[in-house]
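Here is a short tour of a protein chain with its ligand, written to be read with the model open beside you. We begin with a pair of helices and then move on to the domains and the ligand.

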Amino acid sequence: MTVADSQRVAIVTGASRGIGRATAKRLAQDFSAVAIVARSAEGLESLTKELAAQGKKALPVPMDLKQPTAAAEVVTTTLSAFGRIDALVNIAGAVKQADLFEMTDDDWADGLALKFHGARRLTLVAWSELMRTKGTVVFTSGTAAITPKPALVAIGTINAAISAMAKAFSERGLTDGVRVNSVMPGPVLTDRRRVMLEKYAASKNLPISNAMEIYAKETGIARYGQPEDIAEFLAFLVSPAAEWITGSSFRIDGGEIKSV
Ligand SMILES: NC(=O)c1ccc[n+]([C@@H]2O[C@H](COP(=O)([O-])OP(=O)(O)OC[C@H]3O[C@@H](n4cnc5c(N)ncnc54)[C@H](OP(=O)(O)O)[C@@H]3O)[C@@H](O)[C@H]2O)c1
C-alpha cells in the first residue's frame, strides 16, 4: 500500500512530557495525526491544544500502559479515530533508579511492566495493522544498555532487554514488511534526568548547577541533550527516507559512549 506521507498516522507513548512530548510535537508536523499516550490526561490535553493551535491533529489516549488491556485500547481507539497506523514510537518508561542491592522483586517487576511489557504488548497488538500499512516501530532503550552500572542496574538491564527485543521484532518484520529499530538516548534534560541529577548532586553535596557541570565532564559530553535532539532523529527514522533502515540500534548521546 502506498499512501501520501501527509496521510500517515503515528502513535507516540510517553507523550505527556520529556522526549515523548517533543517527539509527538515533531511527528505532528509530518503525519496527518498523532495518537498520544500517557497516564496524565492533563498533560495530553495541553499538548493536543498546543498542536491544534498550529493546525495539527492529536488524539489524547490517557492510559496506564502497565495494564495488560491498555495496548488493545490504544490501538482500537487510534484505528476508530483515524482508520490506520503507520508508526508506533514506544517512549514511555519509568524504571526505578536504584542500586543493585536496593532493587526489590517488586521494583524489577514494576520496571519491566511499563518499559518492556508495555512496549512489547503495544507492538504485538499493532503489528497486523503495521503489516497492512508497511509501517514502522521504534523502541526507546538508552546508553545504560551498553554501560550497565550497579547504581542504575535496572535501567541498564531493561534497556538491554528492549534492544534485544527490538532486534527480534525487526527479524520478523523482514518477512512481514514492518521496519523496527531502537534508539539509545544519552543524558537528555527531562524531568526524569533532573531527578537523576538531583540525586547525584545530593551524593556529592553540591548545588545542582555545579553537579550538572561535573556530571557532564565525567560523562564526557560537551552538553546535555534536549528532548528535541532525540525527536528530530526519530522523525527521520519513521519517515520514508529511512526505508532501508531496520534492525538497527542508534546511540544518540552527544558523544557519551567512547567506543565505535
Ligand atoms: N532522559 C534521559 O536522559 C534518557 C536517557 C536514556 C533513555 N531514556 C528513556 O527515554 C524515555 C523517556 O524518558 P524521559 O526522560 O522523557 O522521561 P519522563 O520525562 O519521565 O517521561 C516519561 C513519560 O512516560 C510516561 N509514563 C510513565 N508511566 C507511564 C505509564 N504507567 N503508562 C503510560 N505512560 C507512562 C509519562 O507520562 P505520565 O506520567 O503522564 O504517565 C511521561 O510521558 C524513557 O523510556 C527513558 O528510560 C531517557
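## Helices, domains and ligand

In this predicted model, the axes of α1 and helix α8 (residues 227-237) come within 8 Å of each other and cross at roughly 45°. An angle between 35 and 65 degrees counts as oblique, and α1 and α8 are therefore oblique to each other. The crossing of α1 past α8 is right-handed. On the α1 side, the contact is made by G18, I19, R21, A22, T23, R26, L27 and D30; α8 brings P227, E228, I230, A231, E232, L234 and A235.

Stepping back, the chain is divided into domain 1 (5-188 + 226-244) and domain 2 (189-224). Their centres, taken over C-alpha atoms, are 26 Å apart. Where they touch, nine residues of domain 1 are in contact with ten residues of domain 2.

Now for the ligand. Around it are 29 residues, of which G18, R39, S40, G93 and G142 come nearest. The elements giving two or more residues to this shell are α1 (18-30), α4 (105-133) and α6 (191-204). Domain 1 and domain 2 each supply at least three residues to the shell.

The table sets out the residue classes at each of these sites.

| Site | Nonpolar | Polar | Charged |
|---|---|---|---|
| Contact of α1 with α8 | eight residues | two residues | five residues |
| Side of domain 1 that touches domain 2 | four residues | four residues | one residue |
| Shell around the ligand | eleven residues | ten residues | eight residues |

G18 is worth a look on screen: this residue takes part in the contact of α1 with α8 and is also among the residues that come nearest the ligand.

Terms used. Residues numbered from 1 in each chain as written. Predicted model: local features only at pLDDT ≥ 70, side-chain atom pairs only at ≥ 80, totals over all residues. Domains from an automatic or database assignment. Contact = placed C-beta atoms within 7 Å. Nonpolar A, V, L, I, M, F, W, Y, C, P; charged D, E, K, R; others polar. Near = placed C-beta within 6 Å. Helix = DSSP H or I, 4+ residues; strand = E, 2+ residues; numbered from the N terminus. Axes fitted to C-alpha atoms, helices over the stretch in contact; angles between N-to-C directions. Parallel < 35°, antiparallel > 145°, perpendicular 65-115°, else oblique. Left-handed = near helix turned anticlockwise from the far one by under 90°.
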